[in-house]
Amino acid sequence: MAHRTVSCGPGHHRPGLPDDPRARSLAPTDSCPVEITLHALRGRWTTLVIRELLRGPHTFSELEAALPELSAKVLTDRLRQLVEVGVVHRERFVGWPTSVRYRLTERGHALGPVLQALWNWGANG
């Protein structure tokens, strides 16, 4: 069975060129799956935050310790951005002091192979 991005019918699409009407766009659009992915990964440090969360759920302090060069302000921005696009789930625990834990959603975990492919492509450049 051919991969979804490879057409076996008329036109025979090449791998990496999806058989999807959105792939025929003449300009970047908000509905383009590639643009959606790039939007989710935008910003310096985003991929490293995702990398840490691929290892398991973390508190803000644990993420700060894992990425000591990352400022608290940028970490806050990246986590907020990732929550907004549905990549990270923010869970607040009641108690004193209050605790917040961040974990990847199913959609966030799906970025693991994407990041690996980006790594592989860059390492072989």
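**Exercises on a helix pair and its chain**

In this predicted model, Thr-47, Ile-50 and Leu-54 of helix H2 make contact with Leu-111, Gly-112 and Leu-115 of helix H6.

**Exercise 1.** Sort the residues in the contact of H2 with H6 by class.

*Solution.* Start from the two sides of the contact, where H2 contributes Thr-47, Ile-50 and Leu-54, and H6 contributes Leu-111, Gly-112 and Leu-115. Leu and Ile count as nonpolar, whereas Gly falls among the polar residues. The resulting tally for the contact of H2 with H6 is 4 nonpolar residues, 2 polar residues and no charged ones.

**Exercise 2.** Describe how the axes of H2 and H6 are placed relative to each other.

*Solution.* Take the segments to begin with: H2 covers residues 46-54 and H6 covers residues 111-123, and their axes come within 11 Å while crossing at roughly 125°. Because angles of 65 to 115 degrees count as roughly perpendicular and those over 145 as roughly antiparallel, this crossing makes H2 oblique to H6. As a last step, the handedness is assigned, and the crossing of H2 and H6 is left-handed.

**Exercise 3.** Place this helix pair in the context of the protein chain by stating its secondary structure, burial and contacts.

*Solution.* The protein chain contains 6 helices and 3 strands, which follow one another along the sequence as α-α-β-α-α-β-β-α-α. Turning to burial, 26% of the 125 residues of the protein chain count as buried, and the chain exposes about 9,100 Å², of which carbon and sulfur atoms supply 58%. Finally, among contacts in the protein chain with a separation of 6 or more, 44% come from residues 24 or more positions apart.

Terms used:
Residues numbered from 1 in each chain as written. Predicted model: local features only at pLDDT ≥ 70, side-chain atom pairs only at ≥ 80, totals over all residues. Heavy atoms only, no water. Axes fitted to C-alpha atoms, helices over the stretch in contact; angles between N-to-C directions. Helix = DSSP H or I, 4+ residues; strand = E, 2+ residues; numbered from the N terminus. Parallel < 35°, antiparallel > 145°, perpendicular 65-115°, else oblique. Left-handed = near helix turned anticlockwise from the far one by under 90°. Contact = heavy atoms within 4.5 Å. Buried < 20%, exposed > 50% of the residue type's maximum accessible area, 1.4 Å probe, protein only. Areas by Shrake-Rupley, 256 points an atom, 1.4 Å probe, with all protein chains shown as cover.
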